[in-house]
Amino acid sequence: MSNLLIFPLLLPAVCALLLVFIRTQSRLSRIFSIGTMALTTIISLMLLISVMVHGPIKLDFGGWQAPFGIQFVGDSLSLLMVTVSSFVVTLIMAYGFGRAEKRAIRYYLPSFILFLTVGVIGSFLTADLFNVYVMFEVMLLASFVLITLGQSVEQLRAAIIYVVLNIIGSWLLLIGIGMLYKLTGTLNFALVASRLETMKDESSIVIISMVFLVAFGAKAALVLFMWLPKAYAVLNTELAALFASLMTKVGAYALIRFFTLIFDEHESITHPLFVFLACITMIIGAFGVLAYRDIKKIAAYQVILSIGFIIFGLGTQTFAGVNGAIFYLANDIVVKTLLFFIIGSLVYITGYRHYKYLTGLAKKQPFFGVAFIVMILAIGGVPPFSGFPGKLFIFKGAIENGNYIGLTLMILTSLIAMFSLFRVFFTMYLGNDKTGEEVEFKEIPGYRKGLIGILVAVVLAMGIAAPVIFQVTENATHLNMDDGHYEKSVNPNLKKEVEK
């Protein structure tokens, strides 16, 4: 079973290369890419089920055991993220590029989407520090290409901000890795965590942890959000959905992994800072969703809000809070894909990004009313939709730790998030402005409605089947938060190395 662990990474990589050679055959390319990602999703789910039954899976490349060789680890946290990510990429590839299909093929966009997916999946599976940097760079290089392949001034400006801030974040990440290696003499997660527990140089550990916090926080749009709204607003629907569902989530995953497993000995310093930064991020997101009338920018600030919720759960430093953060992270990958599919479809139908032009759409596209309501309720955390279980556990963690200000802010910003989207919904379906009657609504392809319907069904299923998903997230929380659990489960052979 351990050899299967490379397949979620290998399959998209091979497919991306093959698409270069068959790019002129658009139908074959489309079938091949969708099939590859669907198979990746199935394999990832099988691995996740195996992990829940038998424990974490590790793959030592070249037969070199940790800490000397490259190691991948499939545990409940990493494989949950891989499964959900592979699933949404499958739907994004199925969504297609519409009228821009020829241009997308000419610029190798399907290949770059798959290379970005390789970086994302590799970031989840790798178990050593340097490969975190390598996989982040694979992901970012592909994203740089995807975000710059446009012809508008607006896209160029957004791309410059995006590239500069992410390069700075990558530099900080590399500096942090170098500092941590100098301190511990190893790059393996398990051995780094074990050695840090025995060290008395607390000031150095705190400084290094702050470097990682800024590096991952920049990639997750934690307070450092400047790159996100402009970048997401100028992307096509499928690319906006890809970025919203994956890019910030990798940064959030890294923060959860590193600050529950590696930097977990100085919670009195790091975690109150997480709560503070999460609250600032929630406030930024709330102002953003209220300030704009551009539905793409409203959607972009919804992404920022959700990052605030996830990091607030991590900052509670409680089992319930971290458990809720992991659940909400997995849920948000799906919900944000649904959000950008719906928003992108509305822009396609009307030709406008200002929601005042949506008036009158109710008569033409009643299907979007149902999907829109489900999406709003999921974002707001209303039961029985998928946003409710994660938020409930984050609330519980906040109460246990006495974070009442953050809890109040989270409730208020959740209501603001719902209000901003209901404002769009009511304009679309109940507005009296005649502007909408002047817009010639286009018909959206039926298969795209089907993809939105699949996401709606998944959002409902994740809410109803929350107890099953919580078995996975609780396992992940125990593995990362319980002292020595990860080290014993993944690399018990490293006990002697800790003593050196």
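**A walk through the structure**

Q317 sits in the loop between α13 (295–315) and α14. I start there on purpose. Keep in mind that this is a predicted model. What is unusual about the phi of Q317? It is near 50 degrees, a positive value, and Q317 is not a glycine. Buried or exposed, then, or partly exposed: where does Q317 fall? Its relative accessibility is 26%, between the 20% and 50% cut-offs, so Q317 counts as partly exposed.

Another loop residue tells a similar kind of story. V223 belongs to the loop between α9 (202–220) and α10 (227–234). Its phi is positive too, at about 70 degrees, although V223 is not a glycine. V223 has a relative accessible area of 23%, so it is partly exposed.

One more loop. Look between α16 (367–380) and α17 (387–401), where you will find P384. Which residue is joined to P384 by a cis peptide bond? The partner is P383, and omega of that bond is about 5 degrees.

Now back to α14, and into the helix. N323 has its place in α14. How accessible is N323? Its relative accessible area is 0%, which is under the 20% cut-off, so N323 is buried. Who are its contacts, once residues up to four places away in sequence are left out? N323 touches F393, F470, T473, E474 and T477. There is also a distance to note. N323 and G313 are 10 residues apart in sequence, and their C-alpha atoms are 8.0 Å apart.

Take T477 from that list. T477 is placed in helix α20. With 1% relative accessibility, T477 counts as buried, because the value is under 20%. Leave out neighbours within four places in sequence, and T477 is in contact with F319, V322, N323, I326 and D482. So find N323 and T477 on the screen: N323 is one of the residues that T477 contacts.

Next, the nonpolar core. Which residues touch the most other members of the largest nonpolar core? They are Y232 and F372, out of 182 residues in that core. Helix α14 gives the most to this core, with 19 residues. Let's follow F372. Setting aside neighbours within four places in sequence, F372 is in contact with I342, I343 and L346. Its contacts also include L421, V424, F425 and M428.

Now some empty space. Rolling a probe the size of a water molecule over the atoms shows where empty space is left. How much space lies in the second largest pocket? About 440 Å³. This pocket has 19 residues in its lining. L45, L80, T83, V84 and I469 are the ones that lie nearest its centre. Five elements give two or more residues each to that lining: α2 (26–54), α3 (76–95), α14 (319–350), α19 (446–464) and α20 (466–481). Which element gives the most to the lining of this pocket? That is α2, with 6 residues. What is the lining made of? It divides into 17 nonpolar residues, 2 polar ones and no charged ones.

Two more helix residues, quickly. S414 is in helix α18, residues 404–430. At 5% relative accessibility, under the 20% cut-off, S414 counts as buried. Its contacts, neighbours within four places aside, are F309, G380 and K391.

L273 is in helix α12, residues 267–291. Here the relative accessibility is 28%, so L273 counts as partly exposed. L273 touches M210 and L213, again not counting residues up to four places away in sequence. How far is the C-alpha atom of L273 from that of F312? The separation is 9.8 Å, with their positions 39 residues apart along the chain.

Last topic: the cysteines. How many disulfides does a search of the whole structure find? The count is 0. Two cysteines to look at are C15 and C279. C15 has a relative accessible area of 1%, so C15 is buried. C279 has 12%, also under the 20% cut-off, and therefore C279 is buried.

To recap with two pictures. N323 in α14 is buried, and N323 touches T477. The second largest pocket has no charged residues in its lining. Thanks for listening.

Definitions and conventions:
Residues numbered from 1 in each chain as written. Predicted model: local features only at pLDDT ≥ 70, side-chain atom pairs only at ≥ 80, totals over all residues. Heavy atoms only, no water. 1 Å grid on protein atoms, 1.4 Å probe; cavity = no way out; pocket = protein on both sides within 12 Å on 5 of 7 lines; lining within 4 Å. Points joined across faces, edges and corners; volume = space filled by probe spheres on them. Helix = DSSP H or I, 4+ residues; strand = E, 2+ residues; numbered from the N terminus. Nonpolar A, V, L, I, M, F, W, Y, C, P; charged D, E, K, R; others polar. Buried < 20%, exposed > 50% of the residue type's maximum accessible area, 1.4 Å probe, protein only. Contact = heavy atoms within 4.5 Å. Disulfide = S-S within 2.5 Å. Core = buried A, V, L, I, M, F, W, Y, C linked by side-chain atoms within 4.5 Å.
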